[in-house]
Amino acid sequence: MNIQIFGKAKCFDTKKAERYFKERRIKYQFVDVIKFGMSRGELTSVKNAVGLEAMVDPKDEDYPLFQHLASNEAKLEKLFEIPYLIQTPIVRNGKQATVGYCPEIWKTWE
């Protein structure tokens, strides 16, 4: 298992996701999306696994503007440029991914 957690340092669900993997002694790599963002390849991989709309934080103040972008390519590019729009945590295991706190899915990965 090759777990990556993309999250925000102050996100409660990100901390819960980290705790979930720590308690089970599963190694993971944490990436702060505010500091480092996600590569285009990572964004595309997650989009293919969960869908573009699931990746966007609906509570963000820029969400209404994001919804009015014409194409999915433009929306993906906006997530690349402005990583604080990304809903966290995003947990990846190879080509599989989840958005939010999803222990019921993570159990199937073990």
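Two strands count as paired if DSSP finds at least two bridges between them. Helices (H or I, at least four residues) and strands (E, at least two) are DSSP runs, numbered from the N terminus.

**Ground rules.** I'm working on a predicted model, where local features need pLDDT of at least 70, side-chain atom pairs count only at pLDDT 80 or more, and totals for chains, interfaces and linings use all residues. Residues are numbered from 1 along each chain as its sequence is written, and side-chain values use heavy atoms, with hydrogens and water left out.

**The sheet.** I started with β1, residues 3–7, and found that it runs parallel to β2, with five bridges joining them. Then I looked up what stands opposite what: F6 faces V31 of β2, and I3 has Y28 of β2 as its bridge partner.

On to β3, which is antiparallel to β1 and joined to it by four bridges. Here Q4 stands opposite R92. β3 and β4 are also antiparallel, again over four bridges, and I90 sits opposite V99 of β4. I checked the turn of that hairpin too: two residues lie between the strands, and G94 takes a positive phi near 65 degrees.

Put together, I get an open sheet of four strands in the order β2-β1-β3-β4, with mixed pairing. Why do β2 and β4 each have one side without a neighbour in the sheet? β2 (28–32) and β4 (96–99) stand at the edges with a single partner strand each, so one side of each is left free of a neighbour. From one strand to the next, the twist averages 15 degrees (axes are lines fitted to C-alpha atoms, for helices over the stretch in contact, and angles run from 0 to 180 degrees between N-to-C directions).

**Helices on the sheet.** For touching, I used contact, meaning heavy atoms within 4.5 Å. Helix α1 (residues 12–23) packs on the sheet and touches β1, β2 and β3 (90–93). The direction of α1 makes about 160 degrees with that of β1. Helix α3 (residues 40–50) lies across β1, β3 and β4, at about 80 degrees to β4.

**Buried or exposed?** My cut-offs: buried is under 20% relative accessible area, exposed is over 50%, and partly exposed is in between (1.4 Å probe, protein chains only). In β1, five of the five residues are buried, so the strand is largely enclosed by the rest of the structure. I3, I5 and G7 point one way from β1, while Q4 and F6 point the other way. β3 is covered on both faces: I90 and R92 on one side, V91 and N93 on the other, all buried.

**Cores.** A nonpolar core is a set of buried Ala, Val, Leu, Ile, Met, Phe, Trp, Tyr and Cys residues joined through side-chain atoms within 4.5 Å. Which residues have the most contacts inside the largest one? They are M38, L43, L79 and I90, in a core of 18 residues. The elements that give two or more residues to this core are α3, α4 (63–67), α5 (72–81) and β4. I followed L79 further: leaving aside neighbours within four places in sequence, L79 is in contact with L43, L52, M55, V56, F66, L85 and I86. Another core lies apart from the largest one and has ten residues, including I5, F21, I26 and W106.

A note to self: in soluble globular proteins, nonpolar side chains tend to be buried together.

**Rings.** Rings of Phe, Tyr and Trp (its six-membered ring) pair if their centres lie within 6.5 Å; planes under 30 degrees apart are stacked, over 60 edge-to-face, and the rest tilted. I found five aromatic pairs. The Y20 and F21 rings have centres 5.0 Å apart and planes at 85 degrees, so that pair is edge-to-face. F21 and Y28 make a tilted pair, with 6.4 Å centre to centre and 50 degrees between the planes. Y20 is buried at 2% relative accessibility, F21 is buried at 1%, and Y28 is partly exposed at 22%. Ring pairs link Y20, F21, Y28, Y101 and W106 into a cluster.

**Cysteines.** How many disulfides (pairs of cysteine sulfur atoms within 2.5 Å) are there? The structure holds zero. The C102 sulfur is 12 Å from the closest cysteine sulfur, in C11, which is too far for a bond. C11 is buried, at 15% relative accessible area, and C102 is buried too, at 11%.

Key: Disulfide = S-S within 2.5 Å.
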